[in-house]
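Thanks for asking for a second pair of eyes on this one. Please have the viewer open while you read, and go through the points in any order you like.

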Amino acid sequence: MQVYLDNNATTMCDPLVVEAMQPYFSEVYGNPNSLHKFGTASHPAIAKAIDQVYTALNAADADDIIFTSCATESNNWVLQSVFTDHIVNGDKNHIVTTEVEHPSVLSTCKFLEEQGVKVTYLPVNDQGTVEAHTVKSFITEKTALVSVMWASNETGMINPIAEIGEICKEKGVLFHSDGVQAVGKIPVDLQAVHVDFLSFSAHKFHGPKGVGALYIKDSQPLSPLLHGGEQMNGRRSGTLNVPYIVGMGLAIELATKNIENTMAKIRAKRDHLEDELVKLSETFVVGDRENRTPNTILISIRGVEGEGMLWDLNNGQIGASTGSACASEDLEANTVMLAIGADNELAHTGIRLSLSRFTTDEEIEYTINHFKEAVARLRAISSSFAKQAPTKGGEAQACEMH
Amino acid sequence: MAKADILGDSLWDAYSDKVTTLMNNPLHQGELFQGEVEKRGHKLIVADFGAESCGDAVRLYWEIDPATDKIVNSKFKSFGCGTAIASSDVMTELCIGKTVQEAVKITNIDVELALRDTPDVPAVPPQKMHCSVMAYDVIKKAAGLYMGVDAESFEEEIIVCECARVSLGTLQEVIKLNDLHTIEEITDYTKAGGFCKSCIKPGGHEAREYYLVDILADTRKEMDEEKMKAAADAQAAGGGKFEEMTLVQQIKAVDAIIDENVRQFLIMDGGDMEIIDIKKADDYIDIYIRYLGACNGCSSSATGTLYAIESTLKEKLSSNIRVLPI
């Protein structure tokens, strides 16, 4: 048996989605911008996909939802164009975000800092979430944008987006949320919550990779990131990726239709897995379940290094993820673990398991067994559980975190 | 960046079969206990290196026969990834049967070589080379404990890049000999900085005493100073092209010629001179001077003395020189 539990990284494309995309490669292949019937033949399918996306998020007809190539593009678009529109060509100079955003937000913010923008990176609490009052206290009259992820890719923890939205509305500050881990996993109602911009991506909810979108409230101004042939009413140039847009439309419909029901099923499996794993001694899971996406577990296992654990899970045909890796160039201590103030010892022991609606009970049972075996094996090797004390003078110094 | 770099390496696929095998079934994983070892009349040494909070930690056990200083048995415990565990295992194997004095000569390079399947294919990808360094560090620590000396005393020189074991002296020499300007060049020539990258600049996997960026900057500075000194020496010795010197070098060169050939005669007459400026005109290099003391207003200062100064400078430095008193 093989078990894929890395659905926060990407998901399997639903075979129904693949089937729906199929005609738009070799049968209906015209450019939607062409005047002839080859081009216009794709219009009904694109219109349907647009309807599916608006319905899934309860967006108003006055709002824009623009298809992009991925959420990284959507995030870059908001940050870079707010910089152009309100900082270079305006009187603002400040962006507020959090320490635990996805790299497509953090790296873009670092790039904007090099251009002279002031960026505040808000800390998170021990639940891994940012608190609304913290956001409020850092907004100044120079603040152009607040960017806070809806849910965390690492922990699944859900930020108080409704509250932050109200604060931004009241203060007259633009509010962007990276909704990649929320859309398709939990209900997102864009008429119930005030968000100016929302980024999301199809491959996180069983759609194809290479297509995402940006929601723009009330079709408000935002300079394009990609200039060119003026597609999508001039907001995002580039020939429309028809099959992928069609795929995204169906994928978001499948993911959000009866979402409460789907969530309950995934949550039951996740909770069972989590209950079994925390029976192991000296483990803990980050964040309350009630405020977490129903598919995610970030578990720390004392004495078991994250990459070593992934290795053993991989040997058992289980795909999971860790935010830390031993002695590698880029991956150090799990940044989220550090941000929530976990003990240094635990920062290298995080394993993320993320389920999907395709995860089965059999897969969960298999994972529980194999996970426990892997922990037993690695703890038997681990210096953390060794009994014979070092020779006097042979103890190691605890190291500085980096 | 090029075609081969676009996808990026698959970390685990770059491991040798030996690394994979030992990670899955380490041969020397386990503990040695004080009581048992003493019963056999041997001495137990247990040394730790690294910490869980660093991301990797290893505990090394040596059972030593005090009569011969021979390591008769060795075990390890490790908190770390696959390469950390495999490196620890091979390190333990390399220690068994050696005396403590021999074991301390085992380096991380030996550990990595022992993990290779074929002699010329690295056992681990570059960023994982660091894992084998811990093996080397913990051996030094254990040997220090047994011999009652500081672990650092086994190191004869300052090692800047632990992964590739490149010393400070080697780096300075290679930068100078090959006139290196960039970190990439240093890595190409010495392999330093090509593995875990901690030694390149602050902010890497671990804090270091020396960083390549500083060594490069300092060595380049030293080289520039040496170059200038050489230019000045060459000038003083009569070599070097006056036109190509910097202004400061030109002033120094003129001063040196004046000191050597002219000033003594001026001083004998109760006068002196100073250089005010040097300017490049169309066909000439104009040296502006000012007479001091008795020379100031002396009749020959505009004729014979001036001619003597100018012709000396023309002969020694450049035929394009004009001397203009102000």
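Below are some numbered notes on this predicted model, going from chain B to the contact and then to chain A.

1. Let me begin with the overall form of chain B. A compact globule of 326 residues would have a radius of gyration near 20 Å, whereas chain B comes out at 33 Å. The extents of its C-alpha trace along the principal axes are about 105 × 55 × 35 Å. Buried residues account for 39% of the 326 residues in chain B.

2. The secondary structure of chain B consists of 13 helices and eight strands. As for its contacts with a separation of 6 or more, 55% of them are between residues 24 or more positions apart.

3. A good place to zoom in is the open sheet of chain B, where three strands follow the order β1-β2-β3 with antiparallel pairing. Strands β1 (43–51) and β3 (70–79) of chain B are at the edges with a single partner strand each, so each has one side without a neighbour in the sheet. From one strand to the next, the twist averages 15°.

4. How many bridges link β1(B) to β2(B)? Nine bridges hold this antiparallel pair, in which β2 of chain B covers residues 56–65. To find the register in your viewer, look for B:Lys43, which is opposite B:Ile64 in β2(B). In general, the strands of a sheet pair through backbone hydrogen bonds, in either a parallel or an antiparallel sense.

5. A helix also belongs in this picture. Helix α7 of chain B, residues 130–147, lies across β1 and β2 of chain B. The angle between α7(B) and β1(B) is about 140°.

6. Now to the contact between the chains. Chain A contributes 37 residues and chain B contributes 43 residues. On the side of chain A that touches chain B, the largest share is four residues from helix α11 (residues 306–315) of chain A. Sorted by class, that side of chain A holds 14 nonpolar, 15 polar and eight charged residues.

7. Within chain A, helix α9 (residues 242–256) is worth a look. Its 15 residues reach 21 Å from the first C-alpha to the last, close to the 21 Å expected at 1.5 Å a residue. Is α9(A) enclosed or open? Since 14 of its 15 residues are buried, α9(A) is largely enclosed by the rest of the structure.

8. Two residues of chain A deserve a check of their backbone angles. A:Asn258 comes just after α9(A), in the loop between α9 and α10 (259–277) of chain A. Its phi is near 55°, a positive value in a residue other than glycine. A:Asn258 counts as exposed because it has 11 C-beta neighbours inside 10 Å, and the cut-off for exposed is 12 or fewer.

9. The second of these residues is A:Glu282, in the loop between α10 and β9 (283–285) of chain A. A:Glu282 is not a glycine, yet its phi is positive at about 50°. With 15 C-beta neighbours inside 10 Å, A:Glu282 is classed as partly exposed.

10. Next comes strand β10 (residues 296–301) of chain A, where six of six residues are buried. Which residues cover its two faces? A:Thr296, A:Leu298 and A:Ser300 lie on one side, with A:Ile297, A:Ile299 and A:Ile301 on the other, and all are buried.

11. The pairing of β10(A) can be traced through both of the following strands. With β9(A) it forms an antiparallel pair over three bridges, in which A:Val285 has A:Ile299 as its bridge partner. Five bridges connect β10(A) to β12(A), again in the antiparallel sense. There, A:Thr296 has A:Ser354 of β12(A) as its bridge partner.

12. My last stop is A:Ser354, in strand β12 (residues 350–354) of chain A. Why is A:Ser354 classed as buried? It has 28 other C-beta atoms within 10 Å, and the cut-off for buried is 20 or more. Leaving out residues up to four places away in sequence, A:Ser354 touches A:Leu5, A:Asp6, A:Asn7, A:Asn8, A:Asn295 and A:Thr296. A:Arg270 is 84 residues away along the chain, and its C-alpha atom is separated from that of A:Ser354 by 8.3 Å.

Technical notes
Residues numbered from 1 in each chain as written. Chains lettered and ligands numbered in written order. Predicted model: local features only at pLDDT ≥ 70, side-chain atom pairs only at ≥ 80, totals over all residues. Pairing = 2+ DSSP bridges. Axes fitted to C-alpha atoms, helices over the stretch in contact; angles between N-to-C directions. Contact = placed C-beta atoms within 7 Å. Expected span 1.5 Å × (residues − 1). Nonpolar A, V, L, I, M, F, W, Y, C, P; charged D, E, K, R; others polar. Rg over C-alpha atoms; globule rule 2.2 N^0.38 Å.
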